[in-house]
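Let's take a friendly look at how some helices pack in this model, and at a pocket beside them. Here is the structure to follow along with.

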Amino acid sequence: MKRSIMVIFFVLIASGCVTRNYDSNMDLGKSQLNEENYLEAHEAFELAYKEAKTPEARELMDVSGFLASGMKNYDEQDFGSAKSDFEKATAYKVKYREGKQMVSKAVEMHSVSNSATIETVEGNDEPVEEVTEDGFKVDEKAATETKGKGSKDLVSTLSKSQAEKLVKDYVDMENFPDLHIEHDHDSEKGDYIFHVFEVDEPSQKSGHKTTWGWYGVNKKTKEVYEVM
């Protein structure tokens, strides 16, 4: 009898510690959101989620992570990547007040990033083309990166459709018939980036997309990985 009472006592103590840690990290994350410190907010929500895997902690952790990445890329003038991060945030189906506030911020920053991308493209000179010994045309950047290499290096070892199949297998989409997949963009490293999502109203093209996950595929190694 005494042993049972002691076990219950320690369980209650442990539960109290988890609750306090969860609440303090959630409060810290929300405080950082008010200061628009999205990286710090993401780290706090991540700690809270580890304490208690609640829907609120997961939502705020995910969306703040997209915003933190987007703001970082925007500050580094990588407007294409920033735009992609903000799109991920706006596509997230949020339920909580802080999540909705972050989505509003992502919509605002997506518009700003899009304008910056257009200005950057319009300000660039036309790319210099170079012809390889096999007759392939590559732009100046590609020519620099492949200097001293054979033209075979210019050809991807993995097609987009092959990469898509790898992601489908990785996610096990056969067992989730409501999931959809689409190629979103190529990363700076050249990896394919895919968006896996559900549509609330499949019969309507305007159905809201609910993000399942973002996945990258290395064109050379064929490695599939999750993108935060």
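## Helix 3 and helix 4

Helix 3 and helix 4 pack with their axes 8 Å apart, at an angle of about 165 degrees (axes are lines fitted to C-alpha atoms over the stretch in contact, and angles run from 0 to 180 degrees between N-to-C directions). Helix 3 is therefore roughly antiparallel to helix 4 (the term covers angles over 145 degrees). Helices here are DSSP runs of H or I with at least four residues, and strands are E runs of at least two, numbered from the N terminus.

Where they meet, with heavy atoms within 4.5 Å, helix 3 offers residues including Phe-66, Ser-69 and Asn-73, and helix 4 offers Phe-79, Ser-81 and Phe-86 among them. By class, this contact has nine nonpolar, four polar and two charged residues (Ala, Val, Leu, Ile, Met, Phe, Trp, Tyr, Cys and Pro count as nonpolar, Asp, Glu, Lys and Arg as charged, and the others, Gly among them, as polar).

## Helix 2 and helix 3

Helix 2, residues 38-51, packs against helix 3 at about 155 degrees, with the axes 8 Å apart. That makes helix 2 roughly antiparallel to helix 3. Among the residues that meet are Phe-45 and Tyr-49 of helix 2 and Leu-60 and Met-61 of helix 3.

## About the model

This is a predicted model: local features need pLDDT of at least 70 and side-chain atom pairs count only at pLDDT 80 or more, while totals for chains, interfaces and linings use all residues. Residues are numbered from 1 along each chain as its sequence is written, and side-chain values use heavy atoms, leaving out hydrogens and water.

Note on methods: Angles under 35 degrees count as roughly parallel, over 145 as roughly antiparallel, 65 to 115 as roughly perpendicular and the rest as oblique.
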